[in-house]
Amino acid sequence: MQQILQKFNFHAIGEQNGKIKQIKGIINNSKPNPNHLFFCEGIWQLTLCEKFSTPMDSLLICPELIKTAEAKSLIEKVAKRAENLFTISQKTAEKITERGQPDGLMALAQLPTHNIHTFQPAKNAVILILDGLEIPGNVGTILRLADGASIDAVFLCNKKVRLTHPKLIKGSQGAILSVPLFQFESVQLCIQWLQKKNFTIYLADTRAEKYYYQEEFGKKTAIVLGAERYGISKEWYMHKHCKIAIPMLGNCDSLNVGVAATILAYEAIKKNKFLEKN
């Protein structure tokens with residue numbers, strides 16, 4: 001371990017260091033975060049960052065907790081790309097860790113950026129549009145779904161959550177690094193883009209006369225999911241659209257937005273991409 005520290009010139013910092021305070025602010029979601037940094041820790045998360053070449057602001061390691069050859073190998077890979085390299089004590093590590101048993105690897109990484117102007121959706125593309133969602137964990141869950149279902153992109157309108165929120169990062173299970181994610185300043189701009197690219201817009205609405213499984217899909221598909229409390233913005237209804245519903249056969253009148261997104265997304269993916277191949 002000492003050879004790695006010397007090779008990459010790690011610097012020791014304590015709990016009162018500005019970098020540690022910055023990390024605490026990001027974990028608590030309490031400070032401005034103009035560079036869109038998020039906190040990640042552990043071999044699994046850092047391996048994902050390495051896989052997707054995620055920009056690294058800082059790598060922090062606790063030598064006392066580094067136990068495996070796998071961890072040491074990962075440190076060398078990440079250290080080559082990180083702008084700042086620090087060592088911290090076990091006491092400091094325990095102050096900022098979000099895990100019961102930290103393995104001594106922590107980092108501040110930067111969310112990837114995607115350019116909507118270079119995004120060219122396929123003729124059978126399926127996009128999920130999150131309109132005003134307020135709960136970070138739900139957004140993270142939907143990103144995880146998007147990765148699992150191979151959704152072409154996720155769009156955000158009326159954004160109410162910070163993408164670096166720890167619950168969103170955790171809920172996405174790394175999908176925030178792999179799924180193309182685009183933010184629109186207004187619903188109108190998002191609609192204009194969809195119309196220009198010849199997407200059919202589907203609004204997830206419990207009042208719809210057609211159930212999701214009755215829809216043929218098979219074309220460029222954009223599924224709009226509304227906020228947990230307020231539903232889909234009225235502006236979406238002012239433009240050409242189709243409404244689809246999930247049947248509610250019990251006493252509840254709706255599903256969690258992450259569950260609803262899963263049902264609708266897999267139906268569209270099945271009809272757009274799997275049935276087309278068979």
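## Close-ups of a predicted model

**Figure 1. Thr200 meets Thr221 at strand S10.** Thr200 stands opposite Thr221 in S10. Before going further, keep in mind that this is a predicted model. Thr200 belongs to strand S9 (residues 200-204), which runs parallel to S10 and is joined to S10 by four bridges. Strand S6 (residues 126-131) also pairs with S10, again in the parallel sense, this time over six bridges. To find that pairing on screen, look for Ile127, whose bridge partner in S10 is Ala222.

**Figure 2. Strand S10 with both faces in view.** How many of the six residues of S10 are buried? Six of six, so to speak: strand S10 (residues 221-226) is mostly covered, with each of those residues buried. In a regular strand the side chains take turns, alternating between the two faces of the sheet. In S10, one side carries Thr221, Ile223 and Leu225, and the other carries Ala222, Val224 and Gly226. Both of these faces are covered.

**Figure 3. An open sheet of five strands.** Going across this sheet, the order is S1-S4-S3-S5-S2, and the pairing is mixed. Strand S1 (11-12) and strand S2 (37-41) sit at the edges, each with a single partner strand, so one side of each has no neighbour in the sheet. At the S1 edge, the partner is strand S4 (residues 84-87), and the two pair in the parallel sense over two bridges. Ala12 is a handy place to start, since its bridge partner in S4 is Thr87.

**Figure 4. Two helices on that sheet.** Helix H4 (residues 69-79) packs on the sheet and touches S3, S4 and S5. The direction of H4 makes about 150 degrees with that of S3. Helix H3 (residues 42-51) lies across S2, strand S3 (56-61) and strand S5 (105-110). Relative to S2, helix H3 runs at about 130 degrees.

**Figure 5. The largest pocket.** This pocket has a volume of about 550 Å³. Of its 24 lining residues, Ala204, Thr206, Gly231, Ser254 and Leu255 are the closest to the centre. Which elements give two or more residues to the lining? They are S10, the strand from the opening views, and helix H10 (257-277). The largest share of the lining comes from H10, with three residues. Sorted by class, there are 14 nonpolar, five polar and five charged residues around this pocket.

**Figure 6. The second largest pocket.** Here the volume is about 460 Å³. The lining has 20 residues, and those nearest the centre are Glu41, Trp44, Gln45, Glu98 and Lys170. S2, H3 and H7 each chip in at least two lining residues. Helix H3 gives the most, with six. In class terms, the lining splits into 11 nonpolar, four polar and five charged residues.

**Figure 7. The largest cavity.** Now for the enclosed spaces: the count comes to two cavities of 30 Å³ or more. The largest cavity has a volume of about 50 Å³. Its lining includes a run you can follow along the chain, with Leu156, Cys157, Asn158, Lys159, Lys160 and Val161 among the residues. Leu130, Gly132, Leu133, Val139 and Leu163 line this cavity too. Seven of the lining residues are nonpolar, two are polar and two are charged.

**Figure 8. The second largest cavity.** This one has a volume of about 30 Å³. Around it you'll find Ile26, Phe38, Phe39, Glu98, Thr164, Pro166 and Ile169. Strand S2 and helix H7 (166-172) each supply at least two of the lining residues. The classes here come out as five nonpolar, one polar and one charged. Glu98 may look familiar, as it is also among the residues nearest the centre of the second largest pocket.

**Figure 9. Ile176 and its contacts.** Ile176 is found in the loop between H7 and strand S8 (181-183). Is this loop residue buried or exposed? Its relative accessibility is 4%, so Ile176 counts as buried, the cut-off being under 20%. Leaving aside neighbours within four places in sequence, Ile176 is in contact with Leu111, Pro112, Leu143, Leu163, Leu168, Ile169 and Leu181. Two of those names came up earlier: Leu163 lines the largest cavity, and Ile169 lines the second largest cavity. For a sense of scale, the C-alpha atoms of Ile176 and Arg99 are separated by 20 Å, with the two residues 77 apart along the chain.

Technical notes. Residues are numbered from 1 along each chain as its sequence is written. This is a predicted model: local features need pLDDT of at least 70, side-chain atom pairs count only at pLDDT 80 or more; totals for chains, interfaces and linings use all residues. Side-chain values use heavy atoms; hydrogens and water are left out. Buried means under 20% relative accessible area, exposed over 50%, partly exposed in between (1.4 Å probe, protein chains only). Two strands pair if DSSP finds at least two bridges between them. Contact means heavy atoms within 4.5 Å. Axes are lines fitted to C-alpha atoms, for helices over the stretch in contact, and angles run from 0 to 180 degrees between N-to-C directions. On a 1 Å grid over the protein atoms alone, a cavity is a set of points where a 1.4 Å probe fits but cannot get out, and a pocket is an open set with protein on both sides within 12 Å along at least five of seven lines; lining residues have an atom within 4 Å of a point. Grid points are joined across faces, edges and corners, and a volume is the space filled by probe spheres set on the points. Ala, Val, Leu, Ile, Met, Phe, Trp, Tyr, Cys and Pro count as nonpolar, Asp, Glu, Lys and Arg as charged, and the others, Gly among them, as polar.
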